[in-house]
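Colleague: I am new to this one. Can we go through it by question and answer?

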Amino acid sequence: MASRKGSHQTRGNGDKYSVLLPTYNERENLPLIVWLLVKYFGESGYNYEIIVIDDGSPDGTLEVAEQLQKIYGEDKILLRPRARKLGLGTAYIHGIKHATGNYVFIMDADLSHHPKFIPEFIEKQREGGYDLVSGTRYRGDGGVYGWDLRRKLISRGANYVTQVLLRPGASDLTGSFRLYKKEVLESLVERCVSKGYVFQMEMIVRARQGNYTIGEVPISFVDRVYGESKLGGNEIVSFLKGLLTLFATT
């Protein structure tokens, strides 16, 4: 591993990319997603760090993260755990405080977002100087794999209704694979009030309000490899409530 990392020169004119990985019961997935991140950052030559924000996972996710830190080094794997589950928005705020990069990736730790797309995000951002680049399942070669028809209909329907009501200027609002300029992410997170699935949608809506520029990269979304999906009836109701709140207040 050390020889591979040493064989690549760092690219990016001093840019550094911090990857925020909020985790909860991701013991099986974390070693794989970290290995893939190290692989694709290493091959592309960009400077990076991975910040694991574990919310007191009872399955031993933090212990696995500690082992990964020993393997890859404390300069590449930063552990910033919290005592309990406190929500995605606060996880990002917590992670940003410890991020030393001037760009920040947010993505899921359950392997639904493949790190192979990271170089495309970086190239897209540089090409247009975008404030944020969002992965999209609904344009170009983007798509969803591993979902049943019900889940696909819910996702498509939610995205369509959101487009009609909010006109956000982005094709995929509920996705959570994105690259932000650090100061832009800090600004947006501080302004967002939503929780759950609505949080990512509000981030895009607030970005539009703030006249931030948004680029998009088609991605393949794959349903989580290990563990259970968290989408249920309560989440759908919460999403609709949050959508209506955003429609009324933005």
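Colleague: How far from a polar atom of the side chain of Asn102 does the backbone nitrogen of Lys16 lie?

Modeller: This is a predicted model, so the value is computed from predicted atoms. Asn102 touches Lys16 despite their separation in sequence, leaving aside neighbours within four places. The backbone nitrogen of Lys16 and a polar atom of the Asn102 side chain are separated by 2.8 Å.

Colleague: Which residue has a side chain joined to that of Asn102 by a polar contact of 2.8 Å?

Modeller: Start with the contacts of Asn102 beyond four places in sequence. They are Gly14, Asp15, Lys16, Lys181, Lys182 and Glu183. The side-chain partner in the 2.8 Å polar contact is Asp15.

Colleague: Is Asn102 buried, partly exposed or exposed?

Modeller: Asn102 sits in the loop between α4 and β4. Its relative accessible area is 31%. Buried needs under 20% and exposed over 50%, so a value in between counts as partly exposed. Asn102 is therefore partly exposed.

Colleague: How far apart in space are Asn102 and Tyr180, C-alpha to C-alpha?

Modeller: In sequence, 78 residues separate Asn102 and Tyr180. In space, the C-alpha distance between them is 8.9 Å.

Colleague: Why are the buried residues of α4 on the same side?

Modeller: Helix α4 covers residues 88-98. Its buried residues are Gly89, Ala91, Tyr92, Gly95 and Ile96. In an α-helix, residues three or four places apart point the same way, because there are 3.6 residues a turn. The buried residues of α4 share a side because they cover an arc of only 155 degrees.

Note on methods: Residues numbered from 1 in each chain as written. Predicted model: local features only at pLDDT ≥ 70, side-chain atom pairs only at ≥ 80, totals over all residues. Heavy atoms only, no water. Buried < 20%, exposed > 50% of the residue type's maximum accessible area, 1.4 Å probe, protein only. Helix = DSSP H or I, 4+ residues; strand = E, 2+ residues; numbered from the N terminus. Arc of directions from axis to C-beta. Contact = heavy atoms within 4.5 Å. Polar contact = N/O pair within 3.5 Å; in protein donor to acceptor, adjacent residues only side chain to side chain.
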